[in-house]
Every structure is written in C-alpha cells, then in structure tokens.
Amino acid sequence: MTGEVILTGMVILAAPANEYDKRVVILTRERGKITAFAKGAKRSKSQLAAGTRPFSFGEFTCYAGKTAYTLVSVKIENYFEEITENMENVCYGSYFLEMVDYFGMENVEAKNMLLLLYQSLRALTKNSLDNRLVRRIFELKMLVVNGEYPNMFQCMGCKKEEGLNGFSRMMHGMLCGECRSRDRVELSESAVYAMQYIVSAEIGKLYTFSVSEEVLTEVEMVMNRLMEGYVDRKFRSLELLGML
C-alpha cells in the first residue's frame, strides 16, 4: 500500500540515518510498528527535529513507499517532557518503549498497545503512584494486549474459581489451596485481586489504585517469573535503573 497516510502514534526509537537524516520507529494505532526516514531531521532548523524524539506522541504524515515510509510532517500533541526531567522516570519510560518495540508488529493494528503505552507514561508523571507498581501494571497488561497471559480467575488444577491463593508459571495460572505445583508461589488475597483487576480492567482505568509494600512485593515476585517466561530479551533501561 503506497501513498500519503496520516498515522497516530508515538516515536519509540530514533537513530541517525546519515549526517542529516534520522531513522525513527513509530508505534502507530493504524499500522502497528513502522520504520520511517526523516530527511534533514538532524538539522537544528528542521520542522521534523522535535517531533522525531522518543516519547513524542501525535500525528505523523508519512509517504508509504514500497519498502519504507518517509516522514513528511508531524503534529505533536505530547512530548512527555516531565519524564525526561527525572532519571528514574527516563529509565522506566525507556523500558516501556523497549517493551513496545519487542511486542509491536508491523502492519497489525495497535490501538490498545498504543493506549497502554500512553496511559503508562502519563502514570509515571504522577507523584501519587509508585513507579514500581506502574511498571508491573504495564508488564501484565502488555501480556494481556499481546494475547498471552496466565489465567488469574480459575484454579489450573481443579478449575475452581474460589480460594485462589497460589500462582504457578509452569501451570500458567492460579492454584487453589488444595492444588500443588513445584513452582507454586503463595499469594495474599489482596495480591490476587490486584492482578485480577489489572487483567480485566479497561486500560483507561488501570492506574487508579495503590497497594501496600507487602502486596507490591508479591506482585513483583510473580511478574519477575512471568517476564522470564514470556520475554527472551535483556532491556538496557532496566540495567540502568538497577544502577540508580
């Protein structure tokens, strides 16, 4: 499909293409992850310069060629400058961009993935929310958006829907008090409820709750195991975060 198109999206990666041009990867609502070349974007007076930075969200007018896109103009609605003012937020935000780059696909509609990314970056700017919780909400919901996530509502052993208090990555979901697994992790009722809410809630209502330190630690333990099973990439942003 060739010709000029207007796509809503966010820049998730930008790199030099040559002395004056940039190569940008954009997660778009309409066409998923695309790669576009922005001619002259490295020039200080270029109209494309500001709109080709990571975290830039808005409308991107592109010319779709046979093998690549050429960025024609940008209309940015949000640069997420608040994130770039705090190193911890930069690391978390960059991690979200890396995750989207990992899961995003070309020529596949990405409405929910883009919305999740946008809402998660907004959550990082709220002082009332713990960034550790924002990260775990993002991770679990990303698995849901991608269509691969554990069953949080039914025992994987006996199929009961009540008394769920354990988690097994090997069995791909929850366990009741009577069912066992070699990798069973005990969970409190509050941790189970929090993860069930993340899985089932609309994306726009995800970041509307907080949890205790104890519950967050439980959720982190489960998500660490899940991410080891679903993602086979090391993320540079997490390495930087660990050094802060």
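A residue is called exposed when its relative accessible area is over 50% and buried when that area is under 20%, with partly exposed residues in between. By this rule glutamate 189, with a relative accessible area of 70%, is exposed in the predicted model described here. Glutamate 189 belongs to helix α5, which covers residues 189-200, and its C-alpha atom is placed 9.7 Å from that of glycine 166, although the two residues are 23 apart in sequence.

The overall build of the chain may be considered next. The protein chain contains 7 helices and 9 strands, and its C-alpha atoms fill a box of roughly 65 × 40 × 30 Å along the principal axes. The chain has 244 residues, of which 50% count as buried. Where contacts join residues at least 6 apart in sequence, 58% of them are between residues at least 24 apart. The area that the chain exposes comes to about 12700 Å², and carbon and sulfur atoms supply 47% of this area.

A residue of strand β1 illustrates such surroundings. Threonine 8 is placed in strand β1, which covers residues 3-16, and it counts as buried because its relative accessible area is 13%. When neighbours within four places in sequence are left aside, threonine 8 is in contact with Leu27, Thr28, Arg29, Glu30, Phe57, Gly58, Glu59 and Leu114.

Two of these contact partners, Arg29 and Glu30, also take part in the charge pairing of the model, since the side chains of arginine 29 and glutamate 30 meet in a salt bridge with an N to O distance of 3.5 Å. Arginine 29 counts as partly exposed because its relative accessibility is 38%, and glutamate 30 likewise counts as partly exposed because its value is 33%.

The charges of the chain as a whole comprise 30 positive and 31 negative side chains, and the centres of the two sets lie 5 Å apart. Side chains of opposite charge can pair when their charged atoms come close. In this model the count of salt bridges comes to 10. One of them joins arginine 136 to glutamate 139, with 3.0 Å between the closest N and O atoms. Arginine 136 and glutamate 139 are separated by about one helical turn, because they stand 3 residues apart in helix α4, which covers residues 131-146. Both residues of this pair are buried.

Another salt bridge is formed by the side chains of lysine 160 and glutamate 178, at a distance of 3.9 Å from N to O. This pair links distant parts of the chain, for lysine 160 lies in the loop between β6 (151-155) and β7 (164-168), whereas glutamate 178 lies in the loop between β8 (173-176) and β9 (185-186), 18 residues apart. Lysine 160 is partly exposed, with a relative accessibility of 36%, while glutamate 178 is exposed, with a relative accessible area of 66%. Elsewhere, Lys33, Asp101 and Arg233 are joined into one network by salt bridges that share partners.

The cysteines give a contrasting result. A disulfide is a covalent bond between the sulfur atoms of two cysteines, and the structure holds 0 disulfides. For cysteine 155, the closest cysteine sulfur is that of cysteine 179, at 3.6 Å, which is too far for a bond, because a disulfide requires the two sulfur atoms to be within 2.5 Å. Cysteine 155 is buried, with a relative accessible area of 0%, and cysteine 62 is also buried, again with a value of 0%.

Backbone geometry was considered last. Most residues other than glycine have a negative phi. Phenylalanine 80, which is not a glycine, nevertheless has a positive phi of about 50°, and this residue lies in the loop between β5 (69-78) and α1 (81-84). Phenylalanine 80 counts as buried because its relative accessibility is 2%. Asparagine 107 also has a positive phi, of about 60°, without being a glycine. The place of asparagine 107 is in the loop between α2 (87-103) and α3 (111-124), and asparagine 107 counts as exposed because its relative accessibility is 59%.

Terms used: Residues numbered from 1 in each chain as written. Predicted model: local features only at pLDDT ≥ 70, side-chain atom pairs only at ≥ 80, totals over all residues. Heavy atoms only, no water. Helix = DSSP H or I, 4+ residues; strand = E, 2+ residues; numbered from the N terminus. Buried < 20%, exposed > 50% of the residue type's maximum accessible area, 1.4 Å probe, protein only. Contact = heavy atoms within 4.5 Å. Areas by Shrake-Rupley, 256 points an atom, 1.4 Å probe, with all protein chains shown as cover. Lys, Arg positive; Asp, Glu negative; His and termini not counted. Charge placed at Lys NZ, Arg CZ, Asp CG, Glu CD. Salt bridge = Lys/Arg side-chain N within 4 Å of Asp/Glu carboxyl O.
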